[in-house]
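Q: I would like a close look at one helix in the model below, and then at what lies around it. Please keep it plain and give the cut-offs.

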Amino acid sequence: MASFTLRVNGESRTVSVESDTPLLYVLRNDLELNGPKFGCGLAQCGACTVLVDDKPVRSCVTPVASVAKGGITTIEGLGSVERLHPLQRAFIEEQACQCGYCGNGMVMSAKALLDRNPRPSEREIKAALNGHLCRCASHNRIVRAVQRAAQEMRP
Amino acid sequence: MTSRRAFLKASGALVIRFALGPRLALAQDRPAALPGSLNANRLLDAWLSIAPNGTVTIFTGKIELGQGIATALSQIAADELDLEPTRIEVVTGDTARTPNEGHTAGSLSVEHSGTALRFACAEAREILLSAAAAKLGVPAAELSVKDGTVTGPRGTHLTYGDLVRDVDFKREATARVKPKPPSEHRWVGTSLARRDIPKKFTGGAAYVQDVRLPGMVFGRVVRPPSPGARLTSVDEAAVRRLPGVVAVVRDGSFLAVAALREEQAIRARDALKQSAKWEETAALPPSGDALYRQLMSSPLPAQTVAEKTTATAAAPVKTLDALYTRPYQCHGSLGPSCAVAQWQERTLTVWTHSQGVFPLRADLAKAFGIEPGHIRCIHLEGAGCYGHNGADDVALDAALLARATDGRPVKLQWMRDDEFMWEPYGSAMAMRLSGGLDAEGNVVAWTHELWSHPHSTRPGSSAGVNLLAARHLARPFPPVPPADVPQPSGGSDRNAIPLYDFPNVRVVKHYLPEAPLRTSALRTLGGYANVFALESFVDELAAAGGADPVEFRLRHLKDSRARAVVEAAAQRAGWRPHAKGDGVRGRGIAFAKYKNLAAYCAMAADVEVERQSGRVSVTRVVAAVDAGQIVNPDGVINQIEGGIIQSTSWTLKEAVRFDRTRVTTRSWADYPIVRFTEAPEVEVVLLDRPDERFLGVGEGAQGPTAAAIANALANATGTRVRALPFTPERVRQAMAALTPP
């Protein structure tokens, strides 16, 4: 076991775990964050996505030691039910899910997209999310939610 | 106020009375039938309770699985009670608190639970009004209700909360109070935002995966490498010494491990996998066309599902026959199945995303040899399941492992390969259709013969224990093959009986209860494959008679609601009669009334074929749906949209892979599904019929989607592809076969 001080959603959190522990289990079990989900453990589905220094990362295959220096953002860091981030509000307004298990990854990758490209075309949104799987098939709603958020966030 | 404890006790007592209900009914006069699930759960307080602060809690035995049922039920209750939906709490499937409504399946929740709640709430409102009338000393007719406040003629008022002590819902429902007419609905028919969504996008505790209990440990299971494999040896002691390991359980060929941390449980699972030795048998069927040849060579006698003869019908002048096939397909839940189990003394509590907490409890009771009353199953959402996936199985896994953790709760989630290799699949099927046209091109003969394994092996569907680990134990509970789901809803033969008015019809099934790969309910059961075959064949016959597919369908459809959805879909899609595809682009139409009992759904699909590769893209789908009275329009659209895109994925891409011994589908790399760039644009037209009863809609789109794509592909290329899925290779070969050398 080793001690790691992580910067998560703007706060310093210290955990004592093996250095190769996937970040996902640290976030979910040590820090009790529900946002990132276990979907495949293979970086195939995207449900576990978080941002490390504003870039989307698959936390299920990311050893905790590799992100000890970075700033980690989970969906909890974007906003809360009381203070929604425009992306969260847009996903809710578009009712952009059935089960919602993939939603965390969709929102986090969309955040990274809008940060680097505030006016993405529909094609660019689909390309940015194409590595994320949605089994309930809410794809079109998710695209509309990202478009709505982009509209709202436009300076 | 009643304490929570007293409340739980009270509902516990109710559960016992439900159990006695049917026996009492036999001994005495048969009670009058009540609507929906009220019939089996007849006490009003099984369905609702009121707190002194005026909050109404409604109880449903159905469960939320992202289909929005909790929201839809709150809308129905809000209208009957004259209450804002925000004042309504919804308690879903919990064996200690809710009525037993069996499984949440078959697109029946609004029909069953919604109907029950509608009548229960209407009656509750009348009871509340008469209590208020007595208290205020005015006739009930002079009272009005707004958001739970009853107002009398001179402005005097009482809230529902004020009336808690004056009403007793512990009485049998009569269903004599007429629910409101649609014109008085304020919430039913509106797209009220779903109550389960905000927490899902903000990291709230929304799923069973998010349960955290004091002292909880993490579990993983080690499944055999193949169906029928037997565990011969494993070094348990070495794994017990790994960091964090709390328990290793081996019982026959069941193997599981619990650890303090989740990654430790995963590592211990890997170590057990490494050291385990198994004896395997080559018990799986062949792949490819041989799979269907084997399926169709079954010596079991065929059963006639439907037969209709019209002696006056003309003899066919032209006949056709065709064979359609559908492979084994996965539910492929995005989140692998998960459960939390805890033993305290001799009682078991399970937090589960099962679609049926009561049937699960019954099978767990059989597996552990204890009374169902000693088990409580509480539903929490999981990832979307689309039918019977690993949800129930993982509950038994967690409960078996939790016997070894000294009362500490165990959260056990399957790994991705557990889910792909061990979820029960949608059965492979073969459908042989034949038909004949008279001189005018009308269908005069129609035969649909099908071969299939079971479509429901859920807990409670047969006398055995229908939970995976039960068959791996040292003292196993061998699976008991279930009977097919009977008509009129049907199982393997769901939607095999055409809704068209053909004068001679014969539907025959070969139901093969012994399945080499475990199969169970995947959205629509046999409906997806049967509608694919039936509606493809309708187009083949139309083409043989030189008819336009829309005109041909309308010519054979008498049901006016069926005709209306076909016409609406065609019109909205801009259907051009007799339009021919250009070799690349094409359009197809298809129709079904789900189960021949539920929602009517027709759709037109547009496809584009990349001729070089054979790759098919579905570019646009326009659907028209009649679900009777619509509770939540956006909820219906969401279900149909999702159904269309999911079925596009099944139809273009999906098949379970296996060799003669092992399932080789282990990860998403082996089981591609539709991605963002492949999802069609979807438009849904709703035909609202507020004066008609609810018709289940959740599974209405899957069958017609497959056939509409098949018909569009045939329209585009002149090639009929009859084997699912329409992979590039298959489509390329079909096109090559058509092109003269």
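Which residues are buried in α3(A)?

A: This is a predicted model, in which local features need pLDDT of at least 70 and side-chain atom pairs count only at pLDDT 80 or more, while totals for chains, interfaces and linings use all residues. Residues are numbered from 1 along each chain as its sequence is written, and chains are lettered from A and ligands numbered from 1 in the order in which they are written.

In α3(A), the buried residues are Leu87(A), Gln88(A), Ala90(A), Phe91(A) and Ile92(A). Buried means that 20 or more other C-beta atoms lie within 10 Å of the residue's own; with 12 or fewer it is exposed, and in between partly exposed, the C-beta atoms being placed from the backbone. Helices (H or I, at least four residues) and strands (E, at least two) are DSSP runs numbered from the N terminus. The cover over these buried residues includes α2, α4 and α6 of chain A, together with α4 (197-200) of chain B. Just after α3(A), Gln95(A) has a positive phi of about 50 degrees.

The cover from chain B leads to the interface. There, 46 residues of chain A are in contact with 48 residues of chain B, contact being C-beta atoms, placed from the backbone, within 7 Å. On the chain A side, the elements that give two or more residues are α1 (23-30), α2 (75-78), α3 (86-93), α4 (103-116), α5 (122-129) and α6 (139-153). By class this side has 22 nonpolar, 19 polar and five charged residues; Ala, Val, Leu, Ile, Met, Phe, Trp, Tyr, Cys and Pro count as nonpolar, Asp, Glu, Lys and Arg as charged, and the others, Gly among them, as polar.

Within chain A there are domain 1 (2-78) and domain 2 (86-153), with bounds from an automatic or database domain assignment. Their C-alpha centres are 21 Å apart, and the contact takes 15 residues from domain 1 and 15 from domain 2. On the domain 1 side, β3 (49-52), β4 (55-58) and α2 of chain A give two or more residues. The largest share, three residues, is that of β3(A). This side of domain 1 divides into nine nonpolar, three polar and three charged residues.

Strand β3(A) runs antiparallel to β4(A), joined by four bridges; strands pair if DSSP finds at least two bridges between them. Thr49(A) has Arg58(A) in β4(A) as its bridge partner. Two residues lie between the strands of this hairpin, where Asp53(A) takes a positive phi near 50 degrees. β3(A) also pairs with β5 (residues 71-73) of chain A, antiparallel over two bridges, and there Leu51(A) is partnered by Thr73(A).

Chain B, the other side of the interface, has 16 helices and 24 strands. Its radius of gyration (over C-alpha atoms) is 27 Å, close to the 27 Å that the globule rule gives for 741 residues, so chain B is as compact as a globular protein of that length. The globule rule is 2.2 Å times the number of residues to the power 0.38. Of the 741 residues in chain B, 56% are buried.

Terms used. Contact = placed C-beta atoms within 7 Å.
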